[in-house]
Amino acid sequence: MSAIPGKAMATLRSTPVRVGFLALVVVLAVYAVVSQWDEILPVVVGMNPLLLLGALAAGVVYVLLTMLAWRVLLADMGTTVPLGIAFRVFFVSQLGKYLPGGVWNIVAAAELGADHDIPRRRSVSVMAVTVVVSIVTGTALAVAIMPFASERLRESYGWVSWTLPAFVIVLLPPVLNRLLARVFRLAGRPPLEHPVSWAGIGACTAWTLVAWMVAGIQVWLLAVGLGMTGSLTTLALCVGGYAMAWTVGFLIVFVPAGAGVREGVLALVLAGSLTTGGVVAVVLLSRAVLTIADLAMGSAGIIAARRERRAVTPRWLGAWRHWRTDLGIALTIGLVTIAVAAVQLMRVTEISPVDEATHIDYVWRIMHGELPHRGDTYTSFTLGEWACRKQANVLDKLPACGVDDLSQFQVIRENYNAWQPPGFFAAVALLTRIGVALTALDAVTLMRLSCAVLVAVGMGMVYALLRLWGVARELAAPATLMLLANPFTLMVATTVSTDAPFLILGVLAALVLTLELNGRSAAPLALVTGACTGLVKTISLSALIIVLALLGVIAVIRLVRGQAGWWRPLLTVGAGVVGGGAVTFAWGRYVTANTPPDWVNLVLGQNNTDYVGLPFDEWLPTLTHVFGYTAGAWQGAPVSTYQGNLLIDVVGLALTVIPFCGLVVLRGSERVVAGVAAIGPVMVVLFVQAQSWMREEVYFPSVSARYGITLIPLTMLVLGLLLRPVRVPGRVVTWCVCAVVLLGVFTDVAGLCRIP
């Protein structure tokens with residue numbers, strides 16, 4: 001008789017049954033969206049696509065954060081799994097939520113975890129404890145909003161508050177470990193090898209609270225898009241309301257994934273802030289967004305979970321498997337960047353005073369097959385956009401919207417940036433053309449989104465740079481995300497700016513240094529980096545020039561000491577100089593050949609001044625202007641907030657201090673990187689002043705920090721190297737700091753607590 005249950009379990013764990021289970025839950029999850037498509041489609045069509053994109057990105061980040069909460073608790077209970085395996089086990093098992101009963105995701109996690117040597121009882125325990133953590137944190141947030149909720153909500157679901165003390169007691173490690181031991185004893189199973197610790201519960205709770213905030217942001221974005229007022233109060237209402245809705249939906253276990261119940265609770269929470277139709281639309285969209293996120297992550301997990309072939313893995317495939325988790329994280333960071341930029345882009349429509357009108361005009365010309373030249377006036381398209389979108393600092397000099405008569409514009413009417421290289425503008429023109437073909441968005445919005453894509457790629461490359469230097473994923477990801485607090489990151493991601501590729505070019509310069517410090521020739525990379533950077537603008541070469549100068553010093557030191565291979569850094573220096581110099585020289589000749597003989601520089605003297613004394617006397621007060629990488633950044637009025645200004649000050653201080661901390665703490669080649677990051681801002685100022693002196697015998701009384709922002713990746717690398725020795729408690733703290741920073745960034749771009 002005892003063989004029958006064993007055969008039954010073997011049958012249930014067989015491949016056909018697993019495939020059938022997965023097929024069933026996928027069908028049910030898809031049905032959950034398709035069955036309401038007729039109601040969802042009209043809402044989607046009428047909603048701002050940028051807000052919808054932001055909500056979808058928030059939904060994906062939310063489910064990723066729940067996976068990280070589960071993973072940290074699993075590690076606390078004795079099984080540390082790589083992110084790739086954690087991704088597959090967690091997200092495939094989560095599709096079980098769409099079966100009635102509320103336990104199938106736990107069953108699936110136990111079976112899938114067993115394939116990776118995770119004991120089934122441990123998988124079940126971790127899932128159960130994670131759910132209890134979610135209930136406790138969700139109920140706590142629900143209690144926080146209860147005084148502000150409607151009377152009907154308090155009457156219908158006020159009982160949720162009374163469950164909080166009981167769940168808190170259950171969650172205490174001494175109580176929780178005894179309960180788990182009793183359950184396993186009754187089931188005839190051995191107890192857990194590793195009991196739950198206070199640190200594990202604390203880390204899981206921290207991840208879960210961050211997840212609740214992101215989930216609430218997802219609901220808030222949808223609600224704002226459908227008419228709700230955007231404020232800290234409504235944001236808090238959405239965070240607490242969603243947490244409460246999830247908790248109630250889970251406790252009513254006979255409904256698959258809380259369907260219907262959660263929507264009803266959420267509708268009561270939002271009832272006072274939206275019309276009845278708006279409430280229904282938010283409820284439907286939120287459900288659809290999170291189901292799509294679950295499906296996307298689960299489908300990715302199913303594909304990744306296919307059995308590996310027993311044959312010898314090709315080298316390229318092995319490398320891909322090693323890096324694919326990092327690629328997924330980098331893509332997620334990029335999506336978060338685009339989502340945040342999209343929200344700010346939607347709120348700030350005016351033209352930036354940092355030469356954006358000239359850049360829009362340049363891109364528009366390339367889109368129509370021509371290059372601008374010195375002396376060219378703005379196109380009618382640029383004038384029309386400028387008149388309608390306005391520009392705060394020249395508001396009284398612009399005509400009414402709809403006027404594109406050049407004589408009505410009381411500003412410099414010449415595209416004074418026509419001399420800049422065409423590389424950046426050609427890339428943005430190509431992306432904009434693709435956007436025009438695929439969407440109904442206007443050209444300027446698409447140009448700005450193209451810049452956001454370039455910044456997102458750069459963010460992913462910063463993460464990759466940190467991983468290349470051995471910084472753990474759990475540290476590299478938050479360090480990179482905190483870059484969103486730098487004002488230039490979002491400024492160039494939401495305007496048409498030649499600084500948009502600053503992270504890409506900075507990472508390439510850092511890679512040149514990385515290869516040389518590791519004894520490998522970086523000459524080919526230096527050649528390509530120099531050429532690509534020269535095609536953007538000359539000042540963007542500053543990071544590469546500083547790296548090449550250092551390599552020149554290293555070559556001389558090796559030569560004096562008689563060390564072998566002294567010529568290798570010189571070869572890289574030569575390659576970089578040839579790459580950047582050849583492009584700069586060729587473009588300069590083209591500009592000179594196409595400049596009218598009577599052309600006069602109309603912007604000369606606006607930002608620079610003639611010398612009074614010796615050049616260095618004028619330069620000296622400006623040597624500190626680039627430190628912190630915040631001076632000269634522009635923010636539109638809708639996103640000028642108190643917390644945003646505080647973030648800028650804190651970030652500026654941090655980016656100033658980090659390189660000097662690296663000089664003290666780091667050793668060897670790592671200290672060299674810190675040295676470059678520390679001296680770089682001063683070198684940039686000298687580079688800018690010397691260039692102005694040689695060209696026009698003028699100097700800049702105030703040097704904008706944006707001239708040196710290609711050095712930011714090196715500073716972030718120093719931060720990553722300082723964080724590298726940090727273990728689990730420190731990593732939790734790092735993520736908590738990151739969460740606070742991101743909350744500040746999001747409330748800033750949402751315009752909460754605006755400065756009058």
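## A buried tryptophan to start with

Let's begin with one residue of this predicted model. W212 has a relative accessibility of 2%, so this tryptophan counts as buried. W246 is buried too, with a relative accessible area of 13%.

## Aromatic rings that meet

How many aromatic pairs does the structure hold? The number is 14. In one of them, the ring centres of W212 and W246 lie 5.5 Å apart and the ring planes stand at 65 degrees, so this pair is edge-to-face. W212 belongs to helix α11 (residues 198–225) and W246 to helix α12 (residues 232–251), so their contact ties together parts that are 34 residues apart in sequence. These two tryptophans also belong to a wider group: Y62, W212, Y242 and W246 form one aromatic cluster.

Another pair is worth a visit. Y378 is buried, with a relative accessible area of 6%, and W386 counts as buried at 6% relative accessibility. The centres of the Y378 and W386 rings are 5.3 Å apart, with planes at 75 degrees, so this pair is edge-to-face. Rings can have charged company as well: the charged end of R568 sits over the ring of W567, at 5.5 Å from the ring centre.

## The disulfide

A disulfide is a covalent bond between the sulfur atoms of two cysteines. The count for this model comes to one disulfide. Its partners are C388 and C401, whose sulfur atoms are 1.9 Å apart. The torsion about the S-S bond of C388 and C401 is about 80 degrees, so the disulfide is right-handed. C388 lies in helix α17 (residues 380–389), while C401 lies in the loop between α17 and α18 (423–438), so the bond ties together parts that are 13 residues apart in sequence.

Are these and other cysteines buried or exposed? C388 is partly exposed, with a relative accessible area of 37%, and C401 counts as exposed at 51%. C204, on the other hand, is buried with a relative accessible area of 0%, and C238 is buried with a relative accessible area of 1%.

## Charged side chains

Side chains of opposite charge can pair when their charged atoms come close. The count here comes to 13 salt bridges. One of them joins D361 and R365, with an N to O distance of 3.1 Å. D361 and R365 are four residues apart in helix α16 (residues 356–367), so about one helical turn separates them. Both ends of this bridge are hidden away: D361 counts as buried at 0% relative accessibility, and R365 counts as buried at 8%.

Helix α17 brings us to R389, which is buried at 15% relative accessibility. R389 forms a salt bridge with E385, the closest N and O atoms being 2.8 Å apart. R389 and E385 both lie in helix α17, four residues apart, about one turn of the helix. R389 also meets D442 in a salt bridge, at 2.7 Å from N to O. This second pair links distant parts of the chain, 53 residues apart, with D442 in the loop between α18 and α19 (443–468) and R389 in helix α17. D442 is partly exposed, with a relative accessible area of 34%. Elsewhere, D355, D499, K537 and R706 are joined into one network by salt bridges that share partners.

Key. Residues are numbered from 1 along each chain as its sequence is written. This is a predicted model: local features need pLDDT of at least 70, side-chain atom pairs count only at pLDDT 80 or more; totals for chains, interfaces and linings use all residues. Side-chain values use heavy atoms; hydrogens and water are left out. A disulfide is a pair of cysteine sulfur atoms within 2.5 Å. Helices (H or I, at least four residues) and strands (E, at least two) are DSSP runs, numbered from the N terminus. Buried means under 20% relative accessible area, exposed over 50%, partly exposed in between (1.4 Å probe, protein chains only). Rings of Phe, Tyr and Trp (its six-membered ring) pair if their centres lie within 6.5 Å; planes under 30 degrees apart count as stacked, over 60 as edge-to-face and the rest as tilted. A charge sits over a ring if NZ of Lys or CZ of Arg is within 6 Å of the ring centre and within 35 degrees of the ring normal. A salt bridge is a side-chain nitrogen of Lys or Arg within 4 Å of a carboxyl oxygen of Asp or Glu.
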